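Here's a friendly walk through one protein model, for anyone meeting it for the first time. Have a look at the structure, then read on.

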Amino acid sequence: FHLGRRSVVLAAGHGTVWLSFDRRTRSGRSALVAIDERSGRLRFRRALRGDPWGLAAGRAAVWALMGQDGWSRLLAVDARTGIRSWAARWPSLPGGVAAAGGVVWVSSFCGGPRCDVSLAGVRAYRARDGRLVAGPFR
């Protein structure tokens, strides 16, 4: 498939290359794409709301950090099926995402009029169920 001038974020791991690109698609939605690392074949493509800021890949899931209208949203997507398993949302702009040791770490920052400085910073979610386990640290 052709990405054109879209903004793309990438992650790879456990046999899959993950891409997420912005809302300049025909449907007006962003997309998450899974490509088999060995064959290069498309495994699945899922529509997402918001604009992608980062991806982190794990064995069982991929986590997509999305931004929309001054809010950050972290989505956990099953790596085999593409079905969302949990989501977290907070009022600040997204920064980055990383996953290790059963925890997903995200960063966010203030940049809009609705941003609550106390909610920006770094936070950690338990990978399997999205429970906030630490943060936000400022």
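## A salt bridge to start with

Let's begin with a pair of charges. Arg126 forms a salt bridge with Asp129, and their closest N and O atoms sit 2.5 Å apart. Side chains of opposite charge can pair when their charged atoms come close. The structure holds 1 salt bridge, so with a cut-off of 4 Å between a side-chain nitrogen and a carboxyl oxygen, the 2.5 Å pair of Arg126 and Asp129 fits the rule.

How open to the outside is Asp129? Its relative accessibility is 36%, so Asp129 counts as partly exposed. Keep in mind that what you're looking at is a predicted model.

## The overall picture

Stepping back, what is the protein built from? You'll find 0 helices and 12 strands. Read from the N terminus on, the elements go β-β-β-β-β-β-β-β-β-β-β-β.

The protein has 138 residues, and 43% of them are buried. The next few sections visit some of the buried spots as well as some that are open to the outside.

## Aromatic rings

Now for the rings. The count of aromatic pairs comes to 4. One of them is Trp53 with Phe109: the ring centres are 6.4 Å apart and the planes meet at 65°, so this pair is edge-to-face. Trp53 sits in strand E5 (residues 51–57) and Phe109 in strand E10 (residues 103–109), so the pair ties together parts that are 56 residues apart in sequence. Trp53 has 40% relative accessibility and therefore counts as partly exposed. Phe109 has 38%, so Phe109 counts as partly exposed too.

There's also a cluster to look for: ring pairs link Trp86, Trp90 and Tyr125. In general, a pair of aromatic rings is described by the distance of the centres and the angle of the planes.

## Arginines over rings

Which residue lies over the face of Trp71? That's Arg89, at 4.0 Å from the ring centre.

Trp90 has a partner of this kind as well. Arg123 lies over the face of Trp90, at 4.6 Å from the ring centre. This puts a charge over one of the rings in the cluster, since Trp90 is linked there with Trp86 and Tyr125.

## Buried polar side chains

Strand E2 (residues 16–21) is home to Thr16. Is Thr16 buried or exposed? Its relative accessibility is 4%, so Thr16 counts as buried. The side chain of Thr16 makes a polar contact with the side chain of Arg43, at 2.5 Å.

Ser20 is in strand E2 too. With a relative accessible area of 0%, Ser20 is buried. A polar atom of the Ser20 side chain lies 3.0 Å from the backbone oxygen of Ala31. Look also at Leu32: Ser20 and Leu32 are 12 residues apart along the chain, yet their C-alpha atoms are separated by 4.4 Å.

In strand E3 (residues 30–36) you'll meet Ser30. Its relative accessibility is 1%, so Ser30 counts as buried. What does the side chain of Ser30 reach? It goes to the backbone oxygen of Gly50, at 2.2 Å.

## A nonpolar patch on the surface

Next, turn to the outside. Trp105, Val122 and Phe137 form a nonpolar patch on the surface, and together they have about 280 Å² of accessible area.

Take Phe137 from that patch. Phe137 belongs to strand E12 (residues 132–137). It counts as partly exposed because its relative accessibility is 48%.

## Two loops with a positive phi

Last stop: the backbone. His14 isn't a glycine, but it has a positive phi of about 55°. You can find His14 in the loop between strand E1 (8–13) and E2. The relative accessible area of His14 is 48%, so it is partly exposed.

Asp69 isn't a glycine either, and it has a positive phi of about 55°. Where is Asp69? Look in the loop between strand E6 (61–68) and strand E7 (71–78). At 59% relative accessibility, Asp69 counts as exposed; the cut-off for that is over 50%.

Key. Residues are numbered from 1 along each chain as its sequence is written. This is a predicted model: local features need pLDDT of at least 70, side-chain atom pairs count only at pLDDT 80 or more; totals for chains, interfaces and linings use all residues. Side-chain values use heavy atoms; hydrogens and water are left out. Patches are made of residues with over 30% relative accessible area and no salt bridge: like charges are joined within 9 Å, nonpolar side chains (Val, Leu, Ile, Met, Phe, Trp, Tyr) within 5 Å. Accessible areas come from the Shrake-Rupley method with a 1.4 Å probe; for residues, only the protein chains shown count as cover. Helices (H or I, at least four residues) and strands (E, at least two) are DSSP runs, numbered from the N terminus. Buried means under 20% relative accessible area, exposed over 50%, partly exposed in between (1.4 Å probe, protein chains only). Rings of Phe, Tyr and Trp (its six-membered ring) pair if their centres lie within 6.5 Å; planes under 30 degrees apart count as stacked, over 60 as edge-to-face and the rest as tilted. A charge sits over a ring if NZ of Lys or CZ of Arg is within 6 Å of the ring centre and within 35 degrees of the ring normal. A polar contact is a pair of N or O atoms within 3.5 Å; within protein, one must be able to donate a hydrogen and the other to accept it, and residues adjacent in sequence count only if both atoms are side-chain atoms.
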